[in-house]
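Subject: Structure handover

Hello,

Here is the structure I promised to pass on. Please open it first, then read my notes beside it.

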Amino acid sequence: MNVSEAIEGRQSIRAFDANREVTDAVVTSILTTAGRAPSGSNIQPWHVYVVTGSAQHRITEVCTARYLSGDEGESEYHYYPQNWRQPYIGRRRQTGFGLYGLLGIDKADTAAVQGYRVTNYEFFGAPMGLFFTIDRDMELGSWLDYGMFLQSIMLSARDAGLETCAQAAFCPYYDSVMPLLGAPDEQMLVCGMSLGYPLTEAVVNNYRTERLQAEAFTTFLSD
Ligand SMILES: Cc1cc2nc3c(=O)[nH]c(=O)nc-3n(C[C@H](O)[C@H](O)[C@H](O)COP(=O)(O)O)c2cc1C
């Protein structure tokens, strides 16, 4: 797989083969490759927690229970703008409608919406979850570095036949997740990620999101 194929073929996978284990050796290899991601002054501001088995199950249980009890939690950082506006709200809606449409979920059907949301906390069936944290005294530049690291993991995973879904869904429950990870107070939860072999036949995995053409977000200047 060349780099363009890895980038263009990547998509968020939301149904994994629960019976196909991801070994520690495989994830270590992926993380070692991804660790080559650049960071300002090479400070490498990432910490990764890998969860499988009971450790993973405990996180599923606590997040699912909180979500289903109506506890929306509160993330330690704002992933999204506080005031949604165009064109971003439009793109967000398009993505949500596209996914729910494909799954035949009516947004008014609370049970169906909840059922789908819970699959997030079940790591979409993936046998391994990753959690990413950052020291809270790091600045915006390190969050920029973090994005490069995360994308590198996604691409390196593909090279090993695995797929991923990044998950901010865990962030509102950081106060439950971080203690379960044994993460120290000086770290913040950036996001989670499901890692596993995809169930290629699953409908949800056939959702391909759209992108703008480069001309739509690029300004060319000369002279
Ligand atoms: C940092 C980050 C967090 C995300 N969190 C979630 C999540 O919690 N649940 C989910 O289903 N998808 C999540 N996504 C996936 C995005 O919805 C997805 O990347 C976007 O719609 C583009 O689709 P694609 O990844 O298939 O290209 C997240 C993506 C990123 C980069």
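Helices (H or I, at least four residues) and strands (E, at least two) are DSSP runs, numbered from the N terminus. By that rule the chain has eight helices and four strands. Their order along the sequence is α-α-β-α-α-α-β-α-β-α-β-α.

Two notes on the source. This is a predicted model, in which local features need pLDDT of at least 70 and side-chain atom pairs count only at pLDDT 80 or more, while totals for chains, interfaces and linings use all residues. Residues are numbered from 1 along each chain as its sequence is written, and side-chain values use heavy atoms, with hydrogens and water left out.

**Overall shape**

The C-alpha atoms fill a box of roughly 60 × 40 × 35 Å, taken along the principal axes. The radius of gyration is taken over C-alpha atoms, and the globule rule is 2.2 Å times the number of residues to the power 0.38. For 223 residues, that puts a compact globule near 17 Å; the chain has 18 Å, so the two agree.

Next, burial. Buried means under 20% relative accessible area, exposed means over 50%, and partly exposed is in between (1.4 Å probe, protein chains only). Buried residues are 39% of the 223 in the chain.

Contact means heavy atoms within 4.5 Å. Take the contacts in the chain with a separation of 6 or more: residues 24 or more positions apart account for 84% of them.

**Helix packing**

Two packed helices are described by the angle between their axes and the distance between the axes. Axes are lines fitted to C-alpha atoms, for helices over the stretch in contact, and angles run from 0 to 180 degrees between N-to-C directions. Angles under 35 degrees count as roughly parallel, over 145 as roughly antiparallel, 65 to 115 as roughly perpendicular and the rest as oblique.

Start with α3 (residues 53-68) and α5 (residues 110-121). They pack at about 155 degrees, with axes 9 Å apart. Therefore α3 is roughly antiparallel to α5. Their crossing is right-handed. A crossing is left-handed if the near helix is turned anticlockwise from the far one by less than a right angle, and right-handed if clockwise.

Which residues of α3 and α5 meet? On the α3 side they are T60, C63, T64, Y67 and L68; on the α5 side, V113, Q114, R117, V118 and Y121. Six of the contact residues are nonpolar, three are polar and one is charged. Here Ala, Val, Leu, Ile, Met, Phe, Trp, Tyr, Cys and Pro count as nonpolar, Asp, Glu, Lys and Arg as charged, and the others, Gly among them, as polar.

Now α4 (88-103) with α5. These axes come within 12 Å and cross at roughly 105 degrees. So α4 is roughly perpendicular to α5. L99, Y100 and L103 in α4 meet V113, Y116 and R117 in α5. This contact has five nonpolar residues, no polar ones and one charged.

**Residues to click on**

T60 sits in helix α3. T60 is buried, at 12% relative accessibility. Leaving out residues up to four places away in sequence, T60 touches Y121, E122 and F123.

F132 belongs to strand β2. F132 counts as buried, at 0% relative accessibility. Its C-alpha atom is 6.1 Å from that of G192, though the two are 60 residues apart along the chain. With residues up to four places away left out, the contacts of F132 include H47, V48, Y146, F149 and G192.

P172 lies in the loop between β3 (163-167) and α7 (174-181). P172 touches R66, E72, G73, E74 and S75, not counting residues up to four places away in sequence.

**Backbone points**

Most residues other than glycine have a negative phi, and most peptide bonds are trans. Check these three places.

- F123 is not a glycine, but has a positive phi of about 55 degrees. It lies in the loop between α5 and β2 (128-135). F123 is buried, at 0% relative accessible area.
- S41 also has a positive phi, near 55 degrees. S41 is in the loop between α2 (24-34) and β1 (47-51). S41 is exposed, at 75% relative accessibility.
- The peptide bond from Q86 to P87 is cis, with omega near 5 degrees. P87 lies in the loop between α3 and α4.

Best wishes
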